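Hi,

Here is the structure I promised to pass on, with its sequence. My notes follow below it, so have a look first and then read on.

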Amino acid sequence: MSELSLHPFRHLYVHIPFCKHKCGYCDFNAYAGMDRLMPDYVDALERELGFARERYTFQELETVYLGGGTPSLLPPHLIARLLGFIRRELNVATDAEVTLEANPASTDEARIEAWMKGGVNRLSLGVQGFDPRALAVLERKTDAAQATRAFRLARAMGMANISVDLIYAVPYQDMAAWIETLRRAIALGPDHVSTYCLSFEEGTLLHRRRAEGRVPEVDSDLQWDQLDAACVELEAAGFRRYEVSNWSRPGFESRHNQAYWRCRPVYGAGAGAHSYATDGTGAWRWWNVARPREYIAATPSPRADGEELEPRKAVAESLMLGLRTADGMTAPAGFDAELSRLVRAGLVERRSGRIVPTRRGLDLHNQIALAVL
Ligand code: SF4
């Protein structure tokens, strides 16, 4: 890979790995009890980004996404410094989408002010649910009242684009509790809603608890019914399902996530962050060392490893990702047999030169992934 021939980066992801508490279902690169590393971590991010800017071409950034972990945990002076650095050292477009993931418990006036002054114009609020039993299974330390307060405060302070995350198929979350959760989320007036099906990832506390029989299995029929209820409730409220797990009001689709689904180059900074780069003939992916302390020590060059994607694999990935979105994509060459099988299975359809997932294809996207990868 020659850095010089790579397409420029127009999308930046920054990983903030700190959390107050490690939730039992979480397999993200997130750590509790490391808050004292925050100042050194922000220093390290600046070192990495400064080095990356010398090495790669960044054009006007169209999106910046601070994800985690819990980016809202960073104290206001540190997030202000980090956002200021990004604006000063990288070229951020005036109409860029700048998203910050926030936990309701760490969404307060001083922080919202720092985020907005630093250019954050989209908040992704990790509500996850309003039902105390589901929140207890997820070990979320926030409650419905905190989520409601955080949302209203951000809105009142002028945050014009707010997304809410919700989780379904949670043990003890019956249909009535899920519908109530959807309705309470919709009543807040969000612009975007993400609904995730709870997965029991190996290595998590929740996975172990289920294996030990301390948490019941979720009936798979109920899981499908809950997805169906999300479609009914959100569509009735004017949201469009534009991706497998994402819903938005018109014009509020996440521009950053669309960059991933369209296989655009994205630079990932921070512990464990992944970058994706292309040069017109090839595609590369690399990732940083995962643990915050090691990441800090390794900057300015924290890359752990990487790979060049074989040409067919790169196209297969772009097909799999493109078919996550309701608009689909232009059918790539070399996948006629796979696509015909998917059409016959009712998972995708051809529509004016494009290949798009059906409702069934959105629901069963993992079958599309299995067929093309
Ligand atoms: S707050 Fe989010 S990132 Fe942090 S441990 Fe919980 S689920 Fe994981």
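Let me start with a glycine: Gly189 comes just after H6 and takes a positive phi of about 85°. (Helices are DSSP runs of H or I with at least four residues, strands are E runs of at least two, and both are numbered from the N terminus.) Two things to keep in mind: this is a predicted model, where local features need pLDDT of at least 70, side-chain atom pairs count only at pLDDT 80 or more, and totals for chains, interfaces and linings use all residues. Residues are numbered from 1 along each chain as its sequence is written.

**Helix H6**

H6 covers residues 175–188. Its 14 residues, at 1.5 Å a residue, should span 20 Å (1.5 Å times one less than the number of residues), and the end C-alpha atoms are indeed 20 Å apart, which agrees. Which residues of H6 are buried? They are Trp178, Thr181, Leu182 and Ala185. Buried here means 20 or more other C-beta atoms within 10 Å of the residue's own, exposed means 12 or fewer, and partly exposed is in between, with C-beta atoms placed from the backbone. Seen down the helix axis, the buried residues of H6 fall within an arc of 95° (taken over the directions from the axis to the C-beta atoms), so they line one face. The face turned away from that side carries the exposed residues Ala176, Arg183 and Ala187. The cover over the buried residues of H6 includes S6, strand S7 (162–168), strand S8 (192–197) and helix H8 (220–236); contact means C-beta atoms, placed from the backbone, within 7 Å.

**The sheet**

An open sheet of 9 strands runs in the order S9-S10-S8-S7-S6-S5-S4-S1-S11, with mixed pairing; strands pair if DSSP finds at least two bridges between them. At its edges are S9 (240–243) and S11 (267–269), each pairing on one side only. Within the sheet, S5 (residues 92–102) and S6 (residues 122–128) run parallel and are joined by 4 bridges. One bridge partner to look up is Leu123 in S6, which goes with Leu100.

**Ile355**

Further along the chain, Ile355 sits in strand S17 (residues 354–357). Is Ile355 buried or exposed? Ile355 is buried, because 21 other C-beta atoms lie within 10 Å. Beyond neighbours within four places in sequence, its contacts are Gly328, Met329, Ala331, Leu339, Val348 and Arg350. Trp287 is 68 residues from Ile355 along the chain, and their C-alpha atoms are separated by 31 Å.

Best wishes

Methods. Two residues are in contact if their C-beta atoms, placed from the backbone, lie within 7 Å.
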